[in-house]
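User: I'm new to this structure and would like to understand the terms used for it. Could you walk me through them?

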Amino acid sequence: MKINLANIKKAIKHLNKNECVAIPTETVYGLSGNAYSNKACEKIFRLKKRPKDNPLIVHYYNNIELRKDCSFDNRFLDLYKKFCPGPITFVLNLHKNSKISKIATNKRNSLAIRFPKHPVTRALLKKLKFPLAAPSANLSSKVSAVRSIDVKEDFGNKIKYILEGGKSKIGLESTIIDLRKEPKILRVGGLEISNIEKVLNQKVKIKNNPLKITGPGQYKLHYSPGIPLKMNVKKAKDNEAYILFKRIKKAKPNYYFLSKKGSLKEAAKNLYTTLRKIKKSKFKSIVVGKIPNKGLGITINDRLLRASKF
Ligand code: TXA
Ligand code: MG
């Protein structure tokens, strides 16, 4: 992707004035603001209609800047070297004297942080004098945005600027790992857990039960397309939208395919756009065929399960 410096300058201008700017990342678009500014962080919560007790992820260019705000150990450094920038978020201990807004953390002494890989947002972060607080750029509890038009659909003209970055390559949010004590996965995501386990050389616990609220912001209703959704359905009625993992020849008008040949990567990238497309169609309910529960399929099924709690 070519980087348009004029666009980056516009984003910087708004961010320096504590305004919110939507940014592209390789996972999903983020709704960003100066993480040191209470004013900017308050705006993020207001725009997203996000409950105040659900803390924000903060995005950094690299771990040099991070040192000012958080402490970390070798486990972090090993994962950082292998996967960053990339789709992994770390929950770390926050320094008492950190400048991160107490609004962003809801006064917690931990901070979720990430180094996004998208070249446009990396170019932006490199030029800024502060890290960016950015939750996913969608209305709270709804489907995430993977294109600038998705962001526009949710927020209209309410946000000052959307930094264009094309469609998010991964299309699913980052994997969240809590590294404060024994490593613990808080959200399955765009980075497969087996890859993390290889680097840490140990099994990692998953505290990610979508049906139980176990941590901050693990709200049951999440990623919701706004209409009922049922998983693992073998046969669909003609009046319900039917999402299938892999394209089949005998397609009906209500069929939506996540991938051409059965690639989980392609399916991940198309999941949220498909849900948004159906929401705008005449269908009032969604059924989904079986999706392999391995690799990225684990994350796809996790999001669908949460979406099914409508
Ligand atoms: O891929 C991503 O992670 C995207 C892009 C924009 O970076 N961001 C994203 O943010 O998905 P959000 O806010 O939609 O989800 C972040 C999750 C929330 O469930 C929140 O509760 C959790 O991270 N979180 C934030 N701070 C935390 C903390 N200190 N401890 C535990 N969980 C935290
Ligand atoms: Mg979100």
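Analyst: Happy to! One definition to begin with: two strands pair if DSSP finds at least two bridges between them. Keep in mind that this model is predicted.

User: What makes β5 and β9 a pair of strands?

Analyst: Four bridges join strand β5 (residues 88-94) to strand β9 (residues 175-178), and the two run parallel. Pairing needs at least two bridges, so β5 and β9 qualify. Within this pair, Val-91 stands opposite Asp-178 in β9.

User: Which strands pair with β5 in the antiparallel sense?

Analyst: Strand β6 (residues 110-114) does so over five bridges, with Thr-89 having Arg-114 in β6 as its bridge partner. Strand β4 (residues 70-71) also pairs with β5 in the antiparallel sense, over two bridges. The cut-off is at least two, so β4 and β5 still count as paired. Here Cys-70 is partnered by Leu-94 in β5.

User: Why is β5 called mostly covered?

Analyst: Six of the seven residues of β5 are buried. For each of those six, buried means under 20% relative accessible area.

User: How do you know that Glu-19 and Lys-43 form a salt bridge?

Analyst: Their side chains meet with N and O at 3.3 Å. The limit is 4 Å, so the pair counts as a salt bridge. The two residues sit in distant parts of the chain, 24 residues apart: Glu-19 in the loop between α1 (5-16) and β1 (21-23), and Lys-43 in helix α2 (residues 38-48). Lys-43 has a relative accessible area of 17%, so it is buried under the 20% cut-off.

User: What makes Arg-276 and Asp-154 a salt bridge?

Analyst: The closest N and O atoms of Arg-276 and Asp-154 are 3.1 Å apart, and that distance is within 4 Å, so the pair meets the rule. This pair links helix α9 (residues 264-280), home of Arg-276, with helix α7 (residues 148-155), home of Asp-154, across 122 residues. Arg-276 is buried too, at 6% relative accessible area.

User: Why are Asp-302 and Arg-306 separated by about one helical turn?

Analyst: Because they are four residues apart in helix α10 (residues 296-307). Their closest N and O atoms are 3.1 Å apart, in a salt bridge. Asp-302 is at 6% relative accessibility and Arg-306 at 5%, so both are buried. Elsewhere, salt bridges that share partners join Glu-153, Asp-154, Arg-276 and Lys-280 into one network.

User: How many salt bridges does the rule give?

Analyst: The count comes to 14 salt bridges.

Methods
Residues are numbered from 1 along each chain as its sequence is written. Chains are lettered from A and ligands numbered from 1 in the order in which they are written. This is a predicted model: local features need pLDDT of at least 70, side-chain atom pairs count only at pLDDT 80 or more; totals for chains, interfaces and linings use all residues. Side-chain values use heavy atoms; hydrogens and water are left out. Buried means under 20% relative accessible area, exposed over 50%, partly exposed in between (1.4 Å probe, protein chains only).
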